[in-house]
Amino acid sequence: MAQLHPLRIAVAGAGAIGQAHIAAIGAQADCRLSAIVDPAPAARELAQRAGVPLWPDLGELIAHDRPDAVVLATPNRLHAPQAAQCMHARLPILLEKPVTSTVAEAQRLAALAERSGARVLVGHHRAHSPIMARAAALIAQGRLGRLVAVTGAALFYKPDAYFEEGPWRREAGGGPILLNMIHEVHNLRMLCGDIVAVQAFASHATRGFAVEDTVAINLRFASGALGSFVLSDTAASARSWEQTSQENKAYASYEDEDCYLVAGTFGSLAIPSMRLKTYASAGQRSWNEPFDLDVAAVEREDPLVRQMAHFAQVARGLAQPLVSVHDGLRNLQITEAIAEAARMGAAIDTTV
């Protein structure tokens, strides 16, 4: 088999997530960082350390130092125009979530991607988690029977410095619904299928900012299963994906906590501990009968590194994106519907 040349990947956006993508590129034997795009003065030192050129503008990069592929880790408002720019230049893209700032923008971008045949992977990195893949496989195999319900939580505490460094996070659009819940929406869709209706209550009673700090959410899935989810960035709790999955070493983790419980007619699965409780037979099922207990085997790997390996395959035309622009659009639609349901105090139909 012919040796593939190293895939030259440029990263636009030198913030925290851009730096995480740069590290993920460095972990791939068949990829190398070709350039960084960021007008901020701080980006110069990062480019010097990486030994690559720095470009202030995406257009200049494309015109003078065209890469094989681009990671767009820029502010949300730039996602739509920069992704379109790359599509017109026929450059494969890893586009950070949310796919765009608004559903209307995402719809236009999805249409452009379809017309142009663009190779676009949307950066919902948890889709590449081996924990999520194993959990989704167990559910698809019918180990739990017919799905009945899912409960979930993302309860964590953002320190004061988080809001001092970004005062916009105190205003509408800066709260945990639009910043954090979109991750959970994708996970829930992976596990339980499409979400067809949502309800929500939101509160800002703890911090008193203009934006919510705590949200209680109800979900209806296309299968008929129901879900409940509690979200808060002011709760001193370890019940969140980052603090339970052990995938991101920047977070302390706690093996005794789970953030999802999926229940069906034959059993339940706690995630990410992967503890299974199932009945051996239909005749055994009763609330006073014991379950068969098991823990599903799973490897814990960095999903960002796995995502970059997959992106290399997408960019080379060897794989279809695990998370497409249409997936990113759907996640954004559900997330915006949750925010709207909280504002209106009413159920929102999310069928399409």
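# A first look at this predicted model

UniProt, in an unreviewed entry, puts the feature "domain: Gfo/Idh/MocA-like oxidoreductase N-terminal" at residues 7–124. Keep in mind that what you're looking at is a predicted model. Residues 7–124 come out as 46% helix and 23% strand, and the C-alpha atoms at the two ends of the span sit 21 Å apart. Below is a quick tour of the cores, one helix, the cysteines and a few single residues.

**The nonpolar cores**

- The largest nonpolar core is made of 56 residues, and Ile9 and Leu72 have the most contacts inside it.
- Helix H5 (residues 103–116) is the top giver to this core, chipping in six residues.
- Apart from that core there's another one, of 41 residues, and Leu188, Ala337, Ile338 and Ala339 are among them.
- Back to leucine 72: once you skip its neighbours within four places in sequence, its contacts include Ala12, Leu58, Ile93, Leu94 and Leu95. Leucine 72 is also in contact with His79, Gln82, Ala83, Cys86 and Glu96.

**Helix H11, end to end**

- Helix H11 covers residues 325–344, which makes 20 residues. At 1.5 Å a residue it should span 28 Å, and its end C-alpha atoms are indeed 28 Å apart, so the two figures agree.
- At the start of H11, serine 324 points a side-chain oxygen to within 3.3 Å of the backbone nitrogen of histidine 326.
- Right after H11 comes glycine 345, with a positive phi near 70°.

**Cysteines without partners**

- How many disulfides turn up in a search of the whole structure? The count is zero.
- A disulfide is a covalent bond that links the sulfur atoms of two cysteines.
- For cysteine 31, the closest cysteine sulfur belongs to cysteine 86 and is 16 Å away, so it's too far for a bond. Cysteine 31 is buried, since its relative accessible area is 7% and the cut-off for buried is under 20%.
- Cysteine 259 isn't in a disulfide either: its nearest cysteine sulfur, in cysteine 192, is 12 Å off. Cysteine 259 is buried too, with a relative accessible area of 3%.

**Glutamine 28: a buried loop residue**

- You'll find glutamine 28 in the loop that runs between helix H1 (16–26) and strand S2 (31–37).
- Is glutamine 28 buried or exposed? Its relative accessible area is 10%, so it counts as buried.
- A polar atom of the glutamine 28 side chain lies 3.1 Å from the backbone oxygen of valine 305.
- Leaving out neighbours within four places in sequence, glutamine 28 is in contact with Val305, Met308 and Ala309.

**Alanine 84: part of helix H4**

- Alanine 84 belongs to helix H4 (residues 76–88), and with 16% relative accessibility it's counted as buried.
- Which residues does alanine 84 touch, not counting those up to four places away in sequence? They are Leu109 and Leu112.
- For a sense of distance, alanine 84 and aspartate 292 are 52 Å apart in space, C-alpha to C-alpha, and 208 residues apart in sequence.

**Glutamate 184: a buried acid in helix H8**

- Glutamate 184 has its place in helix H8 (residues 176–192). It is buried, with a relative accessible area of just 2%.
- The side chains of glutamate 184 and tyrosine 260 are joined by a polar contact of 2.4 Å.
- Setting aside neighbours within four places in sequence, glutamate 184 is in contact with Tyr260 as well as Arg126, Ala154 and Phe229.

Technical notes. Residues are numbered from 1 along each chain as its sequence is written. This is a predicted model: local features need pLDDT of at least 70, side-chain atom pairs count only at pLDDT 80 or more; totals for chains, interfaces and linings use all residues. Side-chain values use heavy atoms; hydrogens and water are left out. UniProt positions are given in the numbering used here, feature names are shortened, and annotations may be inferred rather than shown by experiment. Helices (H or I, at least four residues) and strands (E, at least two) are DSSP runs, numbered from the N terminus. A nonpolar core is a set of buried Ala, Val, Leu, Ile, Met, Phe, Trp, Tyr and Cys residues joined through side-chain atoms within 4.5 Å. Buried means under 20% relative accessible area, exposed over 50%, partly exposed in between (1.4 Å probe, protein chains only). Contact means heavy atoms within 4.5 Å. The expected span of a helix is 1.5 Å times one less than its number of residues. A polar contact is a pair of N or O atoms within 3.5 Å; within protein, one must be able to donate a hydrogen and the other to accept it, and residues adjacent in sequence count only if both atoms are side-chain atoms. A disulfide is a pair of cysteine sulfur atoms within 2.5 Å.
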